[in-house]
Amino acid sequence: MALREIRLQGDPILYKESRPVEKMTQRTSILIDDMIETMYDGEGIGLAAPQVGILRRLFVIDTAEEGEENHPLVFINPEILETKGEQSGTEGCLSVPGKVASVIRPSYVKLKAFDRDMREFIMEAENVLARVILHEYDHLNGHLYPEKADGPLLDVEDIEESDDSDAVIEGKEPISVTYI
Ligand code: NI
């Protein structure tokens, strides 16, 4: 495995639409491993392929907390089937280092995707996991969270000093996953 270079805000590749993954190849499998390693290295909880310069519809997520065992989830060719509700929370992005902003998103998402064995599954997620899925999904369509921010971009350091810095970390496990 190897670390990949993370593209930063302003890099044209981050604003392009990604293409579907047609089949699992060794190259794509290595990409997935590298993305997971790069995500952990950056202390991120999600990373989409365009963030490492690859315009493919693929992202990885791990919302396990510090001290918990790693639990990476791989989403290939995801398709949002349903969203419900609303949540407001703080978001950051490995492509926008050192910054965070409040973003309003649905509190529930149901999506269809393929795992790294190209098995199709349906997942329902809430709260933080729903937020991360929707954030990563946006990357596949060339969107970064600052476009959707409900307020100014703030420096992470300023946020960490304030009392209510803890993002709500609940519902990080999927409600249900069904392979289809
Ligand atoms: Ni991001």
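This report describes the overall fold of one protein chain and then the surroundings of several individual residues. The structure is a predicted model.

**Overall architecture**

The chain contains 3 helices and 9 strands. Read from the N terminus, these elements follow the order α-β-β-β-β-β-β-β-α-β-α-β. The radius of gyration of the chain is 15 Å, which agrees with the value near 16 Å that a compact globule of 180 residues would have. The C-alpha trace spans about 45 × 35 × 30 Å along its principal axes.

Of the 180 residues, 41% count as buried. Among contacts with a separation of 6 or more, 68% are made by residues 24 or more positions apart. The accessible surface amounts to about 9,600 Å², and carbon and sulfur atoms contribute 46% of it. The chain carries 18 positive and 37 negative charges, and the mean positions of these two groups lie 12 Å apart.

**Residues considered individually**

The table lists the relative accessibility of five residues and the class assigned to each.

| Residue | Relative accessibility | Class |
|---|---|---|
| Gln51 | 1% | buried |
| Val52 | 8% | buried |
| Asn77 | 18% | buried |
| Met118 | 24% | partly exposed |
| Leu81 | 39% | partly exposed |

The assignment of Asn77 depends on the cut-off: Asn77 is buried because its relative accessible area of 18% falls under the 20% limit. Met118, at 24%, is partly exposed because its value lies between the limits of 20% and 50%.

**The loop between S1 and S2**

Gln51 is placed in the loop that joins strand S1 (46–48) to strand S2 (58–61). Its side chain forms a polar contact with the side chain of Ser95, at 3.0 Å. When residues up to four places away in sequence are set aside, Gln51 touches Glu5, Ile6, Arg7, Leu14, Gly46, Cys93, Leu94, Ser95, Glu136 and His139.

Val52 is also located in the loop between S1 and S2. Outside its neighbours within four places in sequence, Val52 is in contact with Arg4, Glu5, Arg7, Leu31, Met35 and Leu47. Glu5 and Arg7 thus appear among the contacts of Gln51 and also among those of Val52. From Val52 to Leu111 the C-alpha distance is 23 Å, with their positions 59 residues apart in sequence.

**Strand S3 and Leu81**

Strand S3 comprises residues 73–84 and includes Asn77. Leu81 is found in strand S3 as well. Residues up to four places away in sequence being left out, Leu81 touches Lys110, Leu111, Lys112 and Ile122. Leu81 and Tyr145 are 64 residues apart in sequence, and their C-alpha atoms are 21 Å apart in space.

**Backbone angles with positive phi**

Most residues other than glycine have a negative phi. Asn77 has a positive phi, near 45 degrees, although the residue is not glycine. Met118, likewise a residue other than glycine, has a positive phi near 60 degrees. Asn77 belongs to strand S3, whereas Met118 is found in the loop between strand S6 (108–114) and strand S7 (120–126).

Key:
Residues numbered from 1 in each chain as written. Predicted model: local features only at pLDDT ≥ 70, side-chain atom pairs only at ≥ 80, totals over all residues. Heavy atoms only, no water. Helix = DSSP H or I, 4+ residues; strand = E, 2+ residues; numbered from the N terminus. Rg over C-alpha atoms; globule rule 2.2 N^0.38 Å. Buried < 20%, exposed > 50% of the residue type's maximum accessible area, 1.4 Å probe, protein only. Contact = heavy atoms within 4.5 Å. Areas by Shrake-Rupley, 256 points an atom, 1.4 Å probe, with all protein chains shown as cover. Lys, Arg positive; Asp, Glu negative; His and termini not counted. Charge placed at Lys NZ, Arg CZ, Asp CG, Glu CD. Polar contact = N/O pair within 3.5 Å; in protein donor to acceptor, adjacent residues only side chain to side chain.
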